[in-house]
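Grab a pencil and try these short exercises. Each one comes with a solution you can follow step by step.

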Amino acid sequence: ETGHNTSYDRDRRVKKWCLQHSVTWLEVPQATVVRGLSLRDASWREICDLQVESYLSVKPKPSPFESSADAKKALKRLTCASWSEGFLSAAELELHKDVAGDRAERQKG
């Protein structure tokens with residue numbers, strides 16, 4: 001579980017409600033967590049290894065700090081943004097779109 005037990009209990013109640021009301025319940029995997037999989041399950045190790053491999057096989061996104069020049073440029077934008085009121089956005093940092101946001105499939109909230 002990537003959250004706390006309260007959110008897990010809530011999700012189990014929502015899942016039960018969905019089943020009772022014929023609503024499709026879809027859980028998107030996060031990291032290598034497989035909800036409902038018990039260590040007592042005989043296939044636990046195989047499933048766990050497959051989950052880890054699936055995340056390791058994804059091509060890494062380009063780093064905005066490939067060179068020291070890129071790092072210095074980004075640092076200058078961070079330290080010289082006197083016009084900004086708070087945290088700088090990905091656009092203000094001129095980050096590449098592939099690293100500017102979170103994964104689309106990640107659960108919100």
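**Exercise 1: a charged pair**

The side chains of Asp11 and Arg10 meet in a salt bridge, 2.8 Å from N to O. Keep in mind that this is a predicted model. Work out whether Asp11 is buried or exposed, and do likewise for Arg10.

*Solution.*
- Step 1: Look up Asp11, which has a relative accessible area of 9%.
- Step 2: Buried means under 20%, so Asp11 is buried.
- Step 3: Arg10 comes out at 38%, so this residue counts as partly exposed.
- Step 4: Now place Asp11: it sits in helix α1, residues 5-20. Leaving out residues up to four places away in sequence, Asp11 touches Trp25 and Arg35.

**Exercise 2: one turn along**

Find out how far apart in sequence Arg45 and Asp49 are.

*Solution.*
- Step 1: Check the link: Arg45 and Asp49 form a salt bridge, with the closest N and O atoms 3.3 Å apart.
- Step 2: Both belong to helix α2 and are 4 residues apart, so about one helical turn separates Arg45 from Asp49.
- Step 3: Try helix α1, where Arg12 and Asp9 are 3 residues apart, again about one turn. Arg12 forms a salt bridge with Asp9 at 3.0 Å.

**Exercise 3: a loop residue**

Decide whether Ser22 is buried or exposed.

*Solution.*
- Step 1: Locate Ser22 in the loop between α1 and α2.
- Step 2: Its relative accessible area is 72%. Exposed means over 50%, so Ser22 is exposed.
- Step 3: Check the backbone too: phi of Ser22 is near 55°, a positive value in a residue other than glycine.

Note on methods: Residues are numbered from 1 along each chain as its sequence is written. This is a predicted model: local features need pLDDT of at least 70, side-chain atom pairs count only at pLDDT 80 or more; totals for chains, interfaces and linings use all residues. Side-chain values use heavy atoms; hydrogens and water are left out. Helices (H or I, at least four residues) and strands (E, at least two) are DSSP runs, numbered from the N terminus. Buried means under 20% relative accessible area, exposed over 50%, partly exposed in between (1.4 Å probe, protein chains only). Contact means heavy atoms within 4.5 Å. A salt bridge is a side-chain nitrogen of Lys or Arg within 4 Å of a carboxyl oxygen of Asp or Glu.
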